[in-house]
Amino acid sequence: MVSEVRNQSSVATFILVGFSEFPHLQAPLFLVFLNIYTVTLVGNLGIIVVIRINPKLHTPMYFFLSHLSFLDICYSSVFTPKLLEILVVEDRTISFNGCMTQFFFICMFVVTEMFMLAVMAYDRFVAVCNPLLYTVAMSRKLCSLLVSGTYMWGGLCSLILTYSLLVQSYCGSNVINHFGCEYSAILALSCSDTSFSQMACFVISTFNEVCSLLIILASYVFIIATVSRMPSKGGLRKAFSTCTSHLTAISIFHGIILLLYCVPHDKSSWILVKVDTVLFTVMIPMLNPLIYSLRNKDVKETVRRLINSKLHSLHIKFR
């Protein structure tokens, strides 16, 4: 079936334009993106390691946070290495299959992260509104089911959207005005009717955005209602401290998504689409570990103890 769909296209490779319209910025952009990607990998891997080695962090909230860090590593690694490559080499080509594979994984990881943030909002709702029943309500089995569900839904949505690209015919230009295989940039090269693909993208994107935001908004409405009835200022401060990092991550993630899809995709606005995509695929994965670690006492304490133990062992070794 896939080979039949593939035969509709005479295009074997695509050429990624990237930021070639700014040749003097190629080297500086490479260094900036390389540093950001390094911080992303170190920060997110650090979060995962810290959560695994500290038994105090073996709770549902940190279980979801470790998966969020894993997703950040994954979808940053789908786009960023190719972006770095086309900034330093003359050959900016990507195969048809490679392009579709890149789109499939970036779409899957983004949709999965969207609902992972919604699951984390539900977790905060249970923690704040039903603290005595928290460990029972958020059982290990339920947490595993919620995480599995987000990955499965992300994979299904991505499969549908990738198929909607595969059924198109690409018989004209093979130049993608982007640094990666972004949906609208690929669809712009189609020489067949794109109405089905555009409708599929609109329906799935709108459904996912509305559903995830509704879950988040409903959770925080109940959280605010519960917090407003708390007589203790200490309890009020603790409730808000557990939600601030998550709210910050949500605001950045959904804010950039809405900005990206509100930009009209005409020739004059493609640079804005590229910048927004950079913010989404390169910056967000770097910011999430910083947001959660800088405001989290447990994470900072674990990192401090880990560094001190390493320094102590080095001191003994070279003594």
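**A walk through the helices and the core**

Start at I176. Setting aside neighbours within four places in sequence, I176 is in contact with F14, I15, L16, V17, C99, C181, A185, I186 and L189. The model shown here is a predicted one. Four of those partners, F14, I15, L16 and V17, follow one another along the chain. I186, another partner of I176, returns in the next step.

Where does I176 belong in the wider picture, and which other residues of the largest nonpolar core touch the most members? This core holds 86 residues, and I176 is one of five that touch the most other members. F33, F103, I186 and F253 complete that group. Helix 4, residues 96–129, gives the most to this core, with 23 residues. In soluble globular proteins, nonpolar side chains tend to be buried together.

Now step back to the chain. The chain has 319 residues, and buried residues make up 47% of them. Its secondary structure comes to 11 helices and three strands. Read from the N terminus, the elements run α-β-α-α-β-α-α-α-β-α-α-α-α-α. Contacts often span long stretches of sequence: of those with a separation of 6 or more, 80% join residues 24 or more positions apart.

Next come the helix pairs. Two packed helices are described by the angle between their axes and the distance between the axes.

Take helix 4 with helix 8, residues 195–228. They pack at an angle of about 15°, and their axes are 9 Å apart. Angles under 35 degrees count as roughly parallel, so helix 4 is roughly parallel to helix 8. Their crossing is left-handed. From helix 4, the contact takes V111, M114, F115, L117, A118, A121, Y122, R124, F125, V128 and C129. Helix 8 answers with N208, E209, C211, S212, I215, I216, S219, Y220, F222, I223, T226 and V227. By class, that contact has 17 nonpolar, four polar and two charged residues.

Helix 4 also packs against helix 3. Is this pair roughly parallel or roughly antiparallel? The angle is about 160°, with the axes 9 Å apart. The cut-off for roughly antiparallel is over 145 degrees, and helix 3 and helix 4 are therefore roughly antiparallel to each other. Helix 3 passes helix 4 in a left-handed crossing. Their contact divides into 18 nonpolar, three polar and five charged residues.

Helix 3, residues 60–88, has a further partner in helix 6, residues 140–166. Here the angle is about 20° and the axes are 11 Å apart. That makes helix 3 roughly parallel to helix 6. The crossing of helix 3 and helix 6 is right-handed. On the helix 3 side, the residues are P60, F63, F64, H67, F70 and L71. They meet C143, S144, L146, V147 and Y151 of helix 6. This contact has nine nonpolar and two polar residues, and no charged ones.

Stay with helix 3 a moment longer, for S76 lies in it. Is S76 buried or exposed? Its relative accessibility is 1%, so S76 counts as buried; the limit for buried is under 20%. With neighbours within four places set aside, S76 is in contact with Y37, T40, P81, T281 and P285.

One of those partners, T40, lies in helix 2, residues 26–53. T40 is buried too, because its relative accessible area is 0%. Beyond its neighbours within four places in sequence, T40 is in contact with D72, S76, V282, P285 and M286. S76 and T40 both touch P285. How far apart are T40 and M286 in space? Their C-alpha atoms are 4.2 Å apart, although 246 residues separate them in sequence.

The last stop is L187. This residue is found in helix 7, residues 183–187. L187 is buried, with a relative accessible area of 9%. Past its neighbours within four places, L187 is in contact with L165, Q168, T194, S197 and Q198. The C-alpha atoms of L187 and S164 are separated by 9.5 Å, and the two residues are 23 residues apart along the chain.

Technical notes
Residues are numbered from 1 along each chain as its sequence is written. This is a predicted model: local features need pLDDT of at least 70, side-chain atom pairs count only at pLDDT 80 or more; totals for chains, interfaces and linings use all residues. Side-chain values use heavy atoms; hydrogens and water are left out. Axes are lines fitted to C-alpha atoms, for helices over the stretch in contact, and angles run from 0 to 180 degrees between N-to-C directions. Helices (H or I, at least four residues) and strands (E, at least two) are DSSP runs, numbered from the N terminus. Angles under 35 degrees count as roughly parallel, over 145 as roughly antiparallel, 65 to 115 as roughly perpendicular and the rest as oblique. A crossing is left-handed if the near helix is turned anticlockwise from the far one by less than a right angle, and right-handed if clockwise. Contact means heavy atoms within 4.5 Å. Ala, Val, Leu, Ile, Met, Phe, Trp, Tyr, Cys and Pro count as nonpolar, Asp, Glu, Lys and Arg as charged, and the others, Gly among them, as polar. A nonpolar core is a set of buried Ala, Val, Leu, Ile, Met, Phe, Trp, Tyr and Cys residues joined through side-chain atoms within 4.5 Å. Buried means under 20% relative accessible area, exposed over 50%, partly exposed in between (1.4 Å probe, protein chains only).
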